[in-house]
Amino acid sequence: DLPMWLRRLPPEAFEALPAHIPKSEVFGRRIATRMPAPGAESAFWLKCVLFGERACHEDFAIWLAGQNIFADHGEAEKLFAVLAAYAWHSGKPDMPASKLIVVPWRPEISFDTALCAAKSWFNRVRLVLQMPDGVVVDPWLRSGNAMGYTFEPLLSHVDLLAEAHAMQNCADQYGERIVREKCRLFSVKRNGARVATLEIGPHQRETGVLSINQLKARHNMAAST
């Protein structure tokens with residue numbers, strides 16, 4: 001009762017007979033063009049394809065099957081869980097977590113681009129969970145004005161997401177560092193417009209003293225002085 005596409009795999013691919021196997025004719029035709037090269041990686045390839053279909057959908061499984069990533073063995077669930085969740089949410093734009101995706105998954109996306117986008121999305125999900133309003137209340141330094149610039153602390157996921165979107169930077173990836181008291185971020189504005197993002201952190205040598213870790217303009221460019 002094996003589907004035809006599965007019969008094209010070598011015997012060593014079957015360490016155990018899978019409980020669920022995609023059997024649609026369309027899936028069989030599409031996966032037939034993405035079979036692994038002969039070798040020991042066929043078992044890992046099959047596990048990854050079946051996990052991709054089970055955890056996400058057939059399009060993701062087909063895409064995963066065509067990637068050149070099966071030279072090493074591993075656990076598909078651990079390796080591709082975040083990637084599968086990112087791809088699944090890319091097709092559900094109305095869900096809360098899906099709204100945090102900047103670059104959606106699509107069948108044409110490269111593996112490296114998808115991996116980077118999935119990691120960024122996962123960090124934004126963590127940011128929302130780690131930094132709801134009221135969790136971080138100490139900005140270390142008071143907000144204020146100096147030389148025509150306004151300095152405003154970013155103390156919630158809403159603040160950080162807005163800063164990252166407006167400045168096209170990675171402010172939304174700093175949730176864990178802020179929660180663990182490693183740093184604080186400030187939005188630097190002039191005439192109400194964001195012009196830079198400031199990172200403050202503990203001085204490396206002087207206890208109780210703060211220092212400027214980064215001051216970046218839009219797109220992480222160096223801020224003008």
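Helix 4 covers residues 76-90, and in this predicted model its length can be checked against expectation: at 1.5 Å a residue, its 15 residues should span 21 Å, and the end C-alpha atoms are 20 Å apart, which agrees. The helix nevertheless carries a bend of about 35° at Val82. The points below treat helix 4 and its surroundings, then Val49, then the largest pocket, which has a volume of about 370 Å³.

**Helix 4 and its packing**

- The buried residues of helix 4 are Ala76, Phe80, Leu83, Ala84, Tyr86, Ala87, His89 and Ser90.
- These buried residues pack against three other helices, namely helix 2 (42-55), helix 3 (58-65) and helix 5.

**Ser98, in the loop after helix 4**

- Ser98 is located in the loop between helix 4 and helix 5.
- Ser98 has a relative accessibility of 7% and therefore counts as buried, the cut-off for that class being under 20%.
- When neighbours within four places in sequence are set aside, the contacts of Ser98 are His89, Lys92 and Pro93.
- Of these contacts, His89 is itself among the buried residues of helix 4.

**Val49, in helix 2**

- Val49 belongs to helix 2, one of the helices against which the buried residues of helix 4 pack.
- The relative accessibility of Val49 is 1%, so this residue counts as buried.
- Not counting residues up to four places away in sequence, Val49 touches Phe27, Ile31, Ala61 and Ala65.
- Val49 and Arg30 are 19 residues apart along the chain, and their C-alpha atoms are separated by 12 Å.

**The largest pocket**

- The volume of the largest pocket is about 370 Å³, and 18 residues line it.
- Closest to the centre of this pocket, among the lining residues, are Val102, Ser120, Arg124, Asn169 and Asp172.
- Helix 5 (111-130) and helix 6 (157-167) each contribute at least two residues to the lining.
- Helix 5 provides the largest share of the lining, with five residues; helix 5 is also one of the helices against which the buried residues of helix 4 pack.
- Sorted by class, the lining comprises eight nonpolar, seven polar and three charged residues.

Terms used
Residues numbered from 1 in each chain as written. Predicted model: local features only at pLDDT ≥ 70, side-chain atom pairs only at ≥ 80, totals over all residues. Heavy atoms only, no water. 1 Å grid on protein atoms, 1.4 Å probe; cavity = no way out; pocket = protein on both sides within 12 Å on 5 of 7 lines; lining within 4 Å. Points joined across faces, edges and corners; volume = space filled by probe spheres on them. Helix = DSSP H or I, 4+ residues; strand = E, 2+ residues; numbered from the N terminus. Nonpolar A, V, L, I, M, F, W, Y, C, P; charged D, E, K, R; others polar. Expected span 1.5 Å × (residues − 1). Bend = angle between axes of the 7 residues up to and from the residue. Buried < 20%, exposed > 50% of the residue type's maximum accessible area, 1.4 Å probe, protein only. Contact = heavy atoms within 4.5 Å.
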